[in-house]
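Q: Pick one part of this model and take a close look at it for me. I'd like to know what sits where, what pairs with what, and which backbone angles deserve a second glance.

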Amino acid sequence: MTRTVIESKTKTVVIGFDEPFCVIGDYNTNPTPNETETPLMRKVVEIVQSLVDIPLCIDSSVPGALERGLELAQGRPLLNSVTGEEERLEMILPLVKKYNVPVVAISNDDTGISEDPDVRFAVAKRIVERAADHGIPAHDIVVDPLVMPVGAMSTAGL
């Protein structure tokens, strides 16, 4: 079974099918991208790490802020996230490789989030394959399948 390891300074959490259920929360410091994102990420990472000793989940749409968070994180954080969008793959996967961290793969691409689970599976597969091209092992990809509740689907109520 695939096992993904994330760590804080002193704690290790293993994510996997044969592991206990793991709730992942992320604090996104980026309501709208701007020049304050990178310094804000520094403060958030420093404050959170001073208050809790659990692995971090770092999220931002600003590449510089992501990198700053990864530089400052103690241990091995989880990066949230990469999608199947080409631009996002090219921005995120090099950071995942450089900092040797796992990443959440979101099963949407340039066309959005498909209601077809086979399409979402194909997008997730493509992300894992592209990660492999960067030398990132499959166990460092945590796939978010974007399970769609019936009420969220365009065909709901028809």
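A: Let's call a residue buried when its relative accessible area is under 20%, exposed when it's over 50%, and partly exposed in between (1.4 Å probe, protein chains only). By that yardstick, buried residues make up 38% of the 158 residues in the chain. Keep in mind that this is a predicted model, so to speak of a local feature here takes pLDDT of at least 70 and a side-chain atom pair needs 80 or more, while totals for chains, interfaces and linings use all residues. Numbering starts from 1 along each chain as its sequence is written, and side-chain values use heavy atoms, with hydrogens and water left out.

Now for the layout. The chain has four helices and seven strands, taken as DSSP runs (H or I, at least four residues, for helices; E, at least two, for strands) and numbered from the N terminus. Reading from the N terminus, the order is β-β-β-α-β-α-β-α-β-α-β. Of the contacts (heavy atoms within 4.5 Å) between residues at least 6 apart in sequence, 61% join residues at least 24 apart.

The part I'd zoom in on is strand 5, residues 78–83. Six of its six residues are buried, so strand 5 is largely enclosed by the rest of the structure. One neighbour in the pairing sense is strand 4, residues 57–59: strands 4 and 5 run parallel over three bridges, where pairing takes at least two DSSP bridges between the strands. One of the bridge partnerships is that of Asp59 with Asn80 in strand 5.

Asn80 is a good residue to centre your view on. Asn80 lies in strand 5 and, with 11% relative accessibility, counts as buried. For a long-range reference, try Gly25: it is 55 residues away from Asn80 along the chain, and the two C-alpha atoms are separated by 9.8 Å.

Step along the backbone from Asn80 and you hit the odd bit. The peptide bond from Asn80 to Ser81 is cis, with omega near 15°, and Ser81 is also a residue of strand 5. As background, most peptide bonds are trans, and most residues other than glycine have a negative phi. If you're going to set up anything with this model, the Asn80 to Ser81 bond is where that cis omega turns up.

Go back to the partner strand and follow the chain onward. Val62 belongs to the loop that links strand 4 to helix 2, residues 63–72. Although Val62 is in a loop, a relative accessible area of 15% makes it buried. Thr38 gives a second distance to check: Val62 and Thr38 are 24 residues apart in sequence, and their C-alpha atoms are 7.8 Å apart in space.

Further along there's another backbone angle to flag, this time at Asn100. Asn100 sits in the loop between helix 3 (86–99) and strand 6 (103–106). Its phi is near 50°, a positive value in a residue other than glycine. Asn100 counts as partly exposed, at 48% relative accessibility, whereas Asn80 is buried at 11%.
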